[in-house]
Amino acid sequence: MNNRLGVVVVAAGRGSRMGTPESKQFLLLQDKPVFIHTLETFAAMPEVHDIVLVTGSADVERCQDWIRKYGIGKVSKVIAGGRERQDSVYRGLCQLDTEWVMVHDGVRPFITRQHIKDCLEAAAAFGAAVLAVPVKDTIKQVNDQGIITATPERSSLWSIQTPQTFRLSELMEAHEDAQTAGFMGTDDAMLVERMGRQVAVAEGSYTNIKITTPEDLEIAAVWMTTRGEK
Ligand SMILES: Nc1ccn([C@@H]2O[C@H](COP(=O)(O)OP(=O)(O)OP(=O)(O)O)[C@@H](O)[C@H]2O)c(=O)n1
Ligand SMILES: C[C@](O)(CO)[C@H](O)COP(=O)(O)O
């Protein structure tokens with residue numbers, strides 16, 4: 001996959017569940033914005049050829065400034081995202097000209113190079129792959145009256161993360177088909193699964209959290225000081 005891999009890092013969300021005045025992707029962890037930690041890991045990998053950062057329309061310039069300040073290479077474009085995550089990803093995909101693409105949440109700064117490689121290898125073997133971890137809790141389906149309606153077998157349940165890796169042409173096609181059908185997914189794999197294509201899971205790490213709510217930020221602040229090699 002050398003020189004054939006593009007990465008779309010999405011960082012155009014508003015962070016309503018975090019509830020901070022500053023969007024969570026720009027909050028500082030060890031004096032560096034969250035999304036910069038994320039970009040650093042991808043930019044350091046020889047497998048990565050091109051990176052597109054998707055952010056809020058009002059944040060494009062300051063992201064470019066941060067990228068320059070922290071000397072992050074390989075980011076060819078910083079562009080404005082859309083209303084939903086899916087819209088932001090699609091805008092990013094339109095900027096790439098690589099054979100493969102990885103989509104990653106800007107707010108998952110604990111991704112490691114080893115797990116990115118694992119996801120790439122699984123994609124090369126199966127056609128598409130996402131990083132994931134087996135669920136630890138028992139998961140229940142609950143109706144709108146708060147009553148449990150089903151308990152899926154835990155051994156087959158995985159909690160899905162990013163990065164998610166696809167052939168660029170297949171992910172573009174899946175996005176365009178979803179748009180035509182008015183289908184919104186919560187991740188990119190859903191759109192590809194919808195096209196009848198297989199997507200493999202590569203086992204990741206429980207530390208690859210998506211910083212979503214205030215407790216995540218507290219955990220992230222501690223982990224940033226204790227983590228080893230990225
Ligand atoms: N319109 C959107 C919505 C989300 N994202 C990005 O998608 C990732 C995962 O989304 P999530 O954690 O849900 O972020 P927010 O949408 O910012 O959070 P919330 O749902 O709490 O508002 C984040 O990196 C976020 O910036 C994006 O690029 N464009
Ligand atoms: C793509 C994702 O991070 C996989 O876990 C997740 O589905 C994003 O969901 P969100 O609702 O945008 O947080």
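Trainee: Which pocket is the space taken by ligand 2?

Mentor: The largest pocket. A molecule sits in a cavity or pocket if more than half of its atoms lie within 2 Å of its grid points, so ligand 2 passes that test for the largest pocket. Before we go on: this is a predicted model, where local features need pLDDT of at least 70, side-chain atom pairs count only at pLDDT 80 or more, and totals for chains, interfaces and linings use all residues. Residues are numbered from 1 along each chain as its sequence is written, chains are lettered from A and ligands numbered from 1 in the order in which they are written, and side-chain values use heavy atoms, with hydrogens and water left out.

Trainee: What makes something a pocket rather than a cavity?

Mentor: It's all done on a 1 Å grid over the protein atoms alone: in a cavity a 1.4 Å probe fits but cannot get out, while a pocket is an open set with protein on both sides within 12 Å along at least five of seven lines. Lining residues have an atom within 4 Å of a point. The largest pocket has a volume of about 770 Å³, that being the space filled by probe spheres set on the points, which are joined across faces, edges and corners. Its lining has 28 residues, with Gly13, Arg17, Arg85, Asp105 and Lys210 closest to the centre.

Trainee: Which element gives the most to the lining of the largest pocket?

Mentor: β10, with four residues. β1 (5-11), α3 (85-93) and β10 (158-167) each supply at least two. Those labels are DSSP runs numbered from the N terminus: helices are H or I with at least four residues, strands E with at least two.

Trainee: Why are Arg17 and Lys210 listed as residues around ligand 2?

Mentor: A residue is near a molecule if one of its heavy atoms lies within 4 Å of it, so Arg17 and Lys210 make the list, along with Asp105 and Thr186 among others.

Trainee: How do you know that Lys210 makes a polar contact with ligand 2?

Mentor: An N or O atom in the Lys210 side chain is 2.5 Å from an oxygen atom of ligand 2. A polar contact is a pair of N or O atoms within 3.5 Å (within protein, one must be able to donate a hydrogen and the other to accept it, and residues adjacent in sequence count only if both atoms are side-chain atoms), so the Lys210 pair qualifies. Backbone atoms join in too, with Ile160 at 2.5 Å and Thr186 at 2.7 Å. The protein covers 74% of the 360 Å² of accessible area that ligand 2 has on its own, from the Shrake-Rupley method with a 1.4 Å probe (for residues, only the protein chains shown count as cover).

Trainee: Where does ligand 1 sit?

Mentor: In the largest pocket. Ligand 1 has 18 residues around it, with Val10, Gly15, Ser16, Arg17 and Ser88 coming nearest. Oxygen atoms of ligand 1 lie 2.8 Å from a backbone N or O atom of Val10 and 2.6 Å from an N or O atom in the Ser16 side chain. Cover is 89% of the 570 Å² that ligand 1 has on its own.

Trainee: How many residues of the shell around ligand 2 are charged?

Mentor: Six, plus one nonpolar and two polar. Asp, Glu, Lys and Arg count as charged, Ala, Val, Leu, Ile, Met, Phe, Trp, Tyr, Cys and Pro as nonpolar, and the others, Gly among them, as polar. The shell around ligand 1 has eight charged, six polar and four nonpolar residues.
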